[in-house]
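The following exercises concern the helix packing, backbone geometry and residue environments of a single protein chain. Each task is followed by a worked solution.

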Amino acid sequence: MAFHLSFVLLPLVAVYLTWPAPPLPDYALSHLQRGNFFWFKSSQTGLSHRIFYIDTLGDDDSATDRTLLLLHGFPIGSMDWNMMLPGLRKLYRRIIAPEQLGFGFSDKPAFHPYTMDEQSEIFESLLRCLGVDSVHVLSHDTGALVGQQMVLRFNRRRQQQASNSKTSLQLLSFTSINGPLHLHLDNQLAVQYVIHLPVVGVVLSAFGFEAFYRHNLRPMFGHEDVGEWIKQLGYAMLRHHDGHLALPKVFHYMKERDLYESDWIRALNATSIPVAYIFGPADFFHVRAGFELYRREVPHSHTTVLQDHVGHSPLWESPQAAVQAHREFLRQKTLT
């Protein structure tokens with residue numbers, strides 16, 4: 001009797017701890033109104049999902065063919081780039097900031113088999129739909145994993161010589177801002193290890209209340225003056241469309257890092273496009289030892305170390321410095 005009663009009580013406790021979802025702040029609602037949605041049909045499940053994206057014009061009229069693709073990290077979405085956008089508009093004619101499946105305002109199917117390869121396919125499909133055939137890529141945090149997979153896919157297309165230049169996406173450069181480097185050197189939160197485990201992850205995601213999530217978001221933002229309201233925004237976006245219930249599947253990227261990390265490093269070394277890494281040295285997750293190993297493993301990569309106090313999220317903590325580092329990369333590599 002008690003066993004059966006638990007099946008009734010546990011869902012009620014989960015609802016009590018997590019309901020109602022926090023309202024979206026005006027900042028997020030304004031961002032939503034500026035965007036659009038793109039339908040993507042998953043080849044894995046056959047189901048179609050809505051992908052949110054921002055498509056905006058830049059200020060550089062001389063760079064008529066220069067388009068930038070922005071790949072966000074965890075947990076907010078494309079709003080991560082808003083502080084950098086004014087500076088980036090001066091460097092590009094067009095800027096596209098989509099949101100990964102499972103993040104932001106995009107759909108968040110709870111039991112979808114999320115992979116970096118499909119996220120890459122989603123963005124390549126979006127760019128084709130928007131008529132973009134060449135693009136620079138700027139990524140942050142887990143968005144860098146998607147970007148690395150896009151580089152790997154680009155290299156394969158070049159090697160196979162099986163693509164038509166009029167229809168195949170060309171990558172012009174790839175930049176990572178505090179992206180994941182080496183799993184064995186990075187610091188991880190305990191929740192990152194267990195949330196993708198069967199049963200355990202489902203329980204954590206269903207019973208995770210606001211204090212739990214905000215506690216685990218704390219290391220992602222270094223400056224106290226920006227960290228508190230961004231944590232509120234991050235939690236609201238996690239809960240939007242019940243995104244917290246998709247976290248066990250979304251965090252499958254931890255397994256992919258273990259499986260494909262060496263492939264991604266080889267892809268960065270083998271690619272013909274310029275690559276760069278911008279590093280906030282106070283990052284709790286991706287530490288300096290991993291950054292120095294990256295420098296040795298990808299010696300041709302352009303690298304920039306920001307000020308000592310800048311941590312995991314330069315996009316929020318030091319956006320002007322991050323833009324300047326990207327501008328310098330473009331200047332030194334004489335990209336057009």
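Helix axes are lines fitted to C-alpha atoms over the stretch in contact, and the angles between them run from 0 to 180 degrees between N-to-C directions. The model is predicted.

**Exercise 1. Determine how helix α5 packs against helix α11, and describe the contact.**

Step 1. Helix α5 spans residues 143-160 and helix α11 spans residues 253-270; their axes are 9 Å apart, and the packing angle is about 50 degrees.

Step 2. An angle from 65 to 115 degrees counts as roughly perpendicular, one under 35 as roughly parallel, one over 145 as roughly antiparallel, and the rest count as oblique. The arrangement of α5 with respect to α11 is therefore oblique.

Step 3. The crossing of α5 past α11 is left-handed.

Step 4. On the α5 side, the contact is made by Leu145, Gln148, Gln149, Val151, Leu152 and Asn155. On the α11 side, the contributors are Tyr253, Arg257, Asp263, Trp264, Ala267, Leu268 and Ala270.

Step 5. By class, the residues of this contact of α5 with α11 comprise eight nonpolar, three polar and two charged.

**Exercise 2. Carry out the analysis for helix α4 and helix α5.**

Step 1. Helix α4 covers residues 116-129; its axis and that of α5 come within 9 Å and cross at roughly 75 degrees.

Step 2. The range for roughly perpendicular is 65 to 115 degrees, so α4 is classed as roughly perpendicular to α5.

Step 3. From α4, the contact involves Met116, Asp117, Gln119, Ser120, Glu121, Phe123 and Glu124. From α5, it involves Leu145, Val146, Gln149, Met150, Arg153 and Arg157.

Step 4. The residues of the contact of α4 with α5 divide into five nonpolar, three polar and five charged.

**Exercise 3. Characterise the surroundings of Gln119, a residue of helix α4.**

Step 1. The relative accessible area of Gln119 is 4%. Buried means under 20%, and Gln119 is therefore buried.

Step 2. Leaving out residues up to four places away in sequence, Gln119 touches Gln100, Leu101, Tyr114 and Val146.

Step 3. Gln119 and Leu145 are separated by 26 residues in sequence and by 9.7 Å in space, C-alpha to C-alpha.

**Exercise 4. Locate Gly104 and state which residues it contacts.**

Step 1. Gly104 belongs to the loop between β4 (94-98) and α4.

Step 2. With a relative accessibility of 0%, Gly104 counts as buried.

Step 3. Apart from neighbours within four places in sequence, the contacts of Gly104 are Ile76, Glu99, Met237 and His240.

Step 4. The C-alpha atoms of Gly104 and Gly234 are 9.2 Å apart, and the two residues are 130 residues apart in sequence.

**Exercise 5. Examine Pro75, Asp141 and His241 for backbone geometry, and place each in the chain.**

Step 1. The Phe74 to Pro75 peptide bond is cis, with omega near 5 degrees. Pro75 is placed in the loop between β3 (67-71) and α3 (85-89).

Step 2. Asp141 is not a glycine, yet its phi is positive, at about 55 degrees. Asp141 sits in the loop between β5 (134-140) and α5.

Step 3. His241 also has a positive phi, near 55 degrees, in a residue other than glycine. The loop that holds His241 runs between α9 (224-239) and α10 (247-250).

Step 4. Is each of the last two residues buried or partly exposed? Asp141, at 7% relative accessibility, counts as buried. His241 has 40% relative accessibility and so counts as partly exposed.

**Exercise 6. For Ser262 and Gln232, set sequence separation beside spatial distance.**

Step 1. Ser262 lies in helix α11 and, at 40% relative accessibility, counts as partly exposed. Ser262 is 80 residues from His182 in sequence and 9.1 Å from it in space, C-alpha to C-alpha.

Step 2. Gln232 lies in helix α9 and, at 42% relative accessibility, counts as partly exposed. Gln232 and Pro25 are 207 residues apart in sequence, with 8.9 Å between their C-alpha atoms.

Step 3. For the chain as a whole, 80% of the contacts with a separation of 6 or more join residues 24 or more positions apart.

**Exercise 7. Summarise the chain.**

Step 1. The secondary structure comprises 14 helices and eight strands.

Step 2. Of 336 residues, 57% count as buried.

Step 3. The exposed area is about 15000 Å², of which carbon and sulfur atoms supply 57%.

Note on methods. Residues are numbered from 1 along each chain as its sequence is written. This is a predicted model: local features need pLDDT of at least 70, side-chain atom pairs count only at pLDDT 80 or more; totals for chains, interfaces and linings use all residues. Side-chain values use heavy atoms; hydrogens and water are left out. Helices (H or I, at least four residues) and strands (E, at least two) are DSSP runs, numbered from the N terminus. A crossing is left-handed if the near helix is turned anticlockwise from the far one by less than a right angle, and right-handed if clockwise. Contact means heavy atoms within 4.5 Å. Ala, Val, Leu, Ile, Met, Phe, Trp, Tyr, Cys and Pro count as nonpolar, Asp, Glu, Lys and Arg as charged, and the others, Gly among them, as polar. Buried means under 20% relative accessible area, exposed over 50%, partly exposed in between (1.4 Å probe, protein chains only). Accessible areas come from the Shrake-Rupley method with a 1.4 Å probe; for residues, only the protein chains shown count as cover.
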